[in-house]
Amino acid sequence: MSLGPSRLGILSLAVKGVGMHLLSVVGARPQFIKLAPVAAECDRSGVTHTIVHTGQHYDFNMSDVFFDELRIPTADRNLNIGSDSHGRQTARMLDSLEETLMDLQPDWVLAYGDTNSTLASAVAAVKLHIPLAHLEAGLRSFNRTMPEEHNRVLTDHAADLLLVPSKVALSNLHTEGLGDRSVHVGDVMVDVTLMVRKSLDDEELQAVTTEAGSNDFILATIHRAENTDDPERLREVIDGLASVDTTVLLPAHPRLRARAASAGITLAVGSIRVVEPLPYRSMIAAIVAAKGVVTDSGGLQKEAYVLGTPCTTLRTETEWSETLEGGWNVLVPDPRDLRIATEERGPLALRGMPYGAGNAAGVVLRTLADRG
Ligand code: UD1
């Protein structure tokens with residue numbers, strides 16, 4: 001029987017990867033999405049995979065629904081840390097993770113993205129001399145007031161292996177003297193986005209249009225501290241969204257709801273239609289069906305780009321600078337400009353594939369097996 005290159009790739013990983021014990025630490029919504037293709041690839045290639053959930057996100061629709069929909073195995077351990085201030089939340093995770101890692105002694109700890117769960121897993125692993133790999137390494141906003149920027153920089157400098165999603169991220173790591181530890185693997189989030197997009201049916205696309213109450217709608221998400229935590233800024237953001245000419249479907253993150261409630265700001269005003277956070281398939285369906293996206297999320301900017309929906313980003317900078325090329329993503333720091341910014345954009349340039357073609361998880365596991 002002749003073996004094609006992809007079958008050979010799987011076999012060689014199975015040989016090298018067998019016996020490897022990988023431990024993934026996740027805790028927040030975007031990490032569950034990135035975990036899905038890694039877990040599936042471990043299963044395919046016979047790698048022993050332990051999943052540790054810090055419990056940073058704990059609501060059903062912020063956590064369990066992603067495990068169910070993306071068929072991720074239930075976490076082997078849940079540390080049930082929950083919400084707290086940055087320092088206390090990270091410290092409680094670190095305390096619990098140290099014990100977990102001492103107990104399980106994996107060959108690799110895999111840290112995902114830029115949340116407090118990422119930083120806690122990085123510190124726990126390096127202090128125990130357990131090899132640490134950082135997935136989604138090298139992203140920079142160069143905005144040192146963002147909690148995510150602290151988490152990225154500190155995790156990258158702690159890690160033994162930096163798994164990098166884009167050329168821009170790779171060049172950031174070279175600039176910081178971390179080039180020898182870095183491997184450009186592509187973005188595992190693209191693996192999931194493309195796989196889900198392919199399997200969406202008309203009913204799922206129709207369901208989001210029904211939820212929006214219109215065929216002509218903008219999808220919006222807001223959750224970053226810089227947009228939610230100052231009541232004056234939050235009021236401007238909501239006023240800006242309310243002024244948009246078409247319906248704005250707003251799946252409201254718990255942070256947004258909590259901050260709006262304490263500042264006495266009503267979210268369901270003007271064009272805004274507020275709904276619960278969407279499960280992943282519905283989110284992808286909403287991006288495909290929407291005429292545009294308004295967001296401060298990194299993941300959503302990238303998903304919109306990959307799926308070909310114009311995006312408006314309510315921030316002064318983005319870590320995903322490739323999405324700005326060709327006008328697909330536009331930075332709009334002032335919410336008063338939202339109405340104009342979300343109007344039809346002229347013809348947009350052809351998009352490239354700066355984050356890979358949807359096979360990053362396989363490359364990640366081969367790299368871990370090679371370097372293990
Ligand atoms: C975190 C990450 C952010 C990521 C985002 C995705 C950090 C510093 N930030 O931000 O990078 O983009 O997750 O969603 O790690 N809450 C609930 N239920 C939940 C989770 C949170 O009610 O299941 C509420 C709590 O009131 C909490 C607030 O949301 O205080 C914020 O949650 P937290 O996990 O601290 O940060 P996120 O804003 O979700």
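This report walks through strand pairings, helix placements and a few single residues in a predicted model.

**Around strand β2**

Let us begin with β2, which spans residues 48-53. Five of its six residues are buried, so the strand is largely enclosed by the rest of the structure. On one hand, β2 pairs with β1 (residues 21-26) through six bridges, and the two strands run parallel. Within this pairing, S24 stands opposite I51 of β2. The connection between the two strands involves helix α2 (residues 29-45), and β1, α2 and β2 together make a right-handed β-α-β unit.

Strand β2 also pairs with β3 (residues 77-78), again in parallel, with two bridges joining them. Here H53 has N78 in β3 as its bridge partner. Helix α3 (residues 64-69) belongs to this part of the fold: β2, α3 and β3 make a right-handed β-α-β unit.

The parallel pairings described by bridge counts are gathered here, including one that belongs to the next section.

| Strand pair | Bridges | Facing residues |
|---|---|---|
| β1 and β2 | six | S24 and I51 |
| β2 and β3 | two | H53 and N78 |
| β8 and β9 | three | L219 and L249 |

**The six-stranded sheet**

Further along the chain there is an open sheet of six strands, paired in parallel and ordered β10-β9-β8-β11-β12-β13. Its edges are formed by β10 and β13 (329-331), each of which pairs on one side only. On average, neighbouring strands of this sheet are turned by 20° against each other, direction ignored. Inside the sheet, β8 (residues 217-221) is joined to β9 (residues 247-251) by three bridges, and L219 stands opposite L249 of β9. Helix α13 (residues 280-289) lies across β8 and β11 (292-295), and runs at about 135° to β8.

**Two residues to look at**

G270 sits in the loop between α12 (254-263) and β10 (272-275). Is this glycine, G270, buried or exposed? Its relative accessible area is 70%, over the 50% cut-off, so G270 counts as exposed. Although G270 and A242 are 28 residues apart along the chain, their C-alpha atoms are separated by 4.4 Å.

V126 is found in helix α5 (residues 116-127). With a relative accessibility of 29%, which falls between the 20% and 50% cut-offs, V126 counts as partly exposed. Leaving aside residues up to four places away in sequence, V126 touches L132 and A158. The C-alpha atoms of V126 and G326, 200 residues apart along the chain, are separated by 41 Å.

Technical notes:
Residues are numbered from 1 along each chain as its sequence is written. This is a predicted model: local features need pLDDT of at least 70, side-chain atom pairs count only at pLDDT 80 or more; totals for chains, interfaces and linings use all residues. Side-chain values use heavy atoms; hydrogens and water are left out. Helices (H or I, at least four residues) and strands (E, at least two) are DSSP runs, numbered from the N terminus. Buried means under 20% relative accessible area, exposed over 50%, partly exposed in between (1.4 Å probe, protein chains only). Two strands pair if DSSP finds at least two bridges between them. A crossover is right-handed if, with the strands pointing away from the viewer, the path from the first strand over the helix to the second runs clockwise. Contact means heavy atoms within 4.5 Å. Axes are lines fitted to C-alpha atoms, for helices over the stretch in contact, and angles run from 0 to 180 degrees between N-to-C directions.
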